[in-house]
Structures are given as structure tokens and as C-alpha cells.
Amino acid sequence: MTQDLAYQGNQDNSFFIARDLAFEGYHGMARDTLRLILSKYPDYTDVRNLLAKTYSWDGNHNEARKHFNKITSVERQNKEVWIAAIKNEMYAKNYTIALGLANKALTFIKDDSDLQNLRNDIVNEIYSKQNATETSAEDELKETEAKSYKNRIGIVNSLDVFDIVYDPMLYSGVEYIRETEIGKIIPRVNYSNRFNINGLQYEMDFYPKISKTFYAYTNYGYSNSRIFPNHRAGAELFANLPKALEVSAGMRYLDFVTSRAIIYTGSLGLYNGDYYFSLRPYITPRTDGPIGVSGSLLARKYFQDRENYFGINLILGYSPEIKQLISDSDIVLAETLLFVESQQLLFEYQFTAKSFTNSYRASLGITRQELVFDPGKFFLALSAGFRYHTKF
């Protein structure tokens, strides 16, 4: 009968009584009091939060979600409610929803360690679930993203400035990324100005989906400019393994007018919470000398999602896929000059706008490299780059 009467009591005293009942396990009795308080004070956050928690403790996650959503839609900075709402989805084993809530909470309460740790727990749970079904956490995030956006357009620019000998070198590109049921397709046009020569290159990347465990990378590029290979091609097979591991093996082929190179490569990647590490070697057989070996080590720290990260890339040996050098006024194939000593350290930072449809990546690197025509003498190069992507 008391529930049919207008609430006349002291809301704070009633809340404390309901809280004691809830903590002692009398959830139903506590809810009766909490609902009665809300009938007169619907904006009493602590009351609605406790009501939602009692539903969550009793396994009524849908009802709990309704009350949590009412609070978070208005009080964006209430950390306690965000954590309770996220845990409600974890109890319901809705890990994708929980991850989305954690990412959303971190947009309002930035860099909060408790929310970050909770997000890490969710990601690790997703990893373990996906490993059981031979699906990596990265694939899960890609699939979730693909449901919303199927297309991207990207613009890439970078500049190398040298301390001696070489003039600045410019690299630019425009690409279109299309997500399809069979995999990702990326046509691209590259432009470069090097050694006072302008050149264009036309490329197509395709990442076919083979199974939950395997996917592949294929590439073909064509150019009639002497600062690009006439033809370039690549193929690589990737496998997602248990323990959040990813391995791959493949090759690259570069065909210049006067020389050709086949490069064997692969990778070993590891996801650990918000961190990703990748080791990639490049091996180039040579008929006129020893086998050329170079490689790179990449480390990334992800923030609220896979679109936001900070990375460091260490490259030892000449980068075997992009740039060419000049010697005695002739452009030479860098991949045949693997005796050239080279070290590069590259920093990259990618972030998204508030709409999450636009992403930006800035990079800054320094290179120390031996001159092709003067062994034992080195030059330094500073590299800066910027990439913009928009999703639709």
C-alpha cells in the first residue's frame, strides 16, 4: 500500500536504508524503496545508480542498462556510473558493448587509469574468446568497424630533407579503401619528386579473407617513371594464432629497367593488452654477393581504440620497399645495395576527430645512412609525414 501513496519521507535517509538492504542481499526490498524515492525525485543519481546495480546483481542486465543509460546520457563525467554500466555488460558477456561503453567513457573522462584498466580487461577477454574460436582481437575490431563504414579516402604526404648531397625528396599519394565481403581493396596513386624528376605510380592492394584464421595481402604497381619500378608485386599470407599471435610469410618483386630484385619477407606480431609488437625481416638473394638482410621492429601503444595510437619503428638496413638512391647521376635499385649501412628511427602518432570518421597520422623520423658512392661516409636525413583518412 505504501507504494501507492505519494512519497513523503526523507529521500537521503530512505536511500541509506535501501543501500544497507541492498548490500545485505535484500535486493527486492531495496528496489521497492528506491523506486519509491524516484517517483518523487527522478533525478536522484545515486538512487537510480543503486537501483540499476541491484538489477545487474540479480542478472536482469537489460533493466539495469535502461537505468544506467538514463544517467550517462546526462551526466557524462560520472565515473562510478560508467564503471557500473560497463561491468553490467561484462556480466552479461556483451564484451563488444562493454568495449564500446569503455571507449565512450574515455572520451568524456580522458586518461582515467581505472577506465583504462577496465578497458584492458575487456580487450583481454575478447582476445581469449577469439583465440578459442581462432579469431584474433584485431579481426573482431575490424569486423565491428566494418559494420559502420565501408569506404575511406586517404591522402598521404611526406618529405625527406638531407644534410649533404641530396636535395629534398617529396612523396605523396591518394588512396581509396573499400571494405567488401571478400576483403579490403585499395587502389592508390603515388607521386614523387626526387633528383628533380617527377614520377607517378599506380598501385592496387587487395587483402582477401580466406578464413577466420587466414587472410592474405596482394599488391601490384606500375609506373613508366625511372624513379619508380616499372612493375612491383607482392604477396603475403597471414595467420592468426592462439595467444594473440600473428605470423606471416611472403615476397616482394621489383622490376626496374636495368635490374630486378626478389625480396622474401615475413612478420611475427604480438598483441598484449593495449600494445602491439611486430618484427619483420627482409631477405634478398644476390648473385654477385652475400645475401642481403635488413629488418624492422615496430611497437605501438593503443589508446581508446585501434584508430588511436603512438608507435615507434626501428629499421636496420636499407628500407627495401620504397626509396631509391642515386650514384654517378644514375638512379640505382636500392634493394641491390644492401651492403649500405643504414639505421632509421621513426615515430608516429595517429588520432581521430570527435566524430570518429576522420583520422590523422603524423610521423617524424631520422635516418643515418652510408653514401652509395663514398663508402664509410654518412649522411643524415630528417623525415616528416602526414596522413589523413575520412570514413563514409
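Trainee: Which exposed residues does the face of H1 turned away from its buried side carry?

Mentor: In this predicted model, that face carries Ile 17 and Phe 23. They are called exposed because the term requires over 50% relative accessible area.

Trainee: What makes the other side of H1 a buried side, and which residues are the buried ones?

Mentor: The buried residues of H1 are Ser 14, Phe 15, Ala 18, Leu 21 and Ala 22. They lie on the same side of H1 because the arc they cover around the axis is only 125°. An α-helix has 3.6 residues a turn, so residues three or four places apart point the same way.

Trainee: What do the buried residues of H1 pack against?

Mentor: Their partners are helix H2 (27-40) and helix H3 (45-57).

Trainee: How do you know that the length of H1 agrees with the expected span?

Mentor: H1 covers residues 11-23, which is 13 residues, and at 1.5 Å a residue these should span 18 Å. The end C-alpha atoms are 18 Å apart, so the two values agree.

Trainee: What is found at the start of H1, and what just after H1?

Mentor: At the start, a side-chain oxygen of Asn 10 comes to within 3.0 Å of the backbone nitrogen of Asp 12. A polar contact requires N or O atoms within 3.5 Å, so the pair meets that distance limit. Just after H1, Gly 25 adopts a positive phi of about 100°.

Trainee: Why are strands E4 and E5 called paired?

Mentor: Pairing needs at least two bridges, and five join E4 (residues 197-208) to E5 (residues 214-222), so the criterion is met. The two strands run antiparallel, and a hairpin joins them through five residues.

Notes
Residues numbered from 1 in each chain as written. Predicted model: local features only at pLDDT ≥ 70, side-chain atom pairs only at ≥ 80, totals over all residues. Heavy atoms only, no water. Helix = DSSP H or I, 4+ residues; strand = E, 2+ residues; numbered from the N terminus. Expected span 1.5 Å × (residues − 1). Buried < 20%, exposed > 50% of the residue type's maximum accessible area, 1.4 Å probe, protein only. Arc of directions from axis to C-beta. Contact = heavy atoms within 4.5 Å. Polar contact = N/O pair within 3.5 Å; in protein donor to acceptor, adjacent residues only side chain to side chain.
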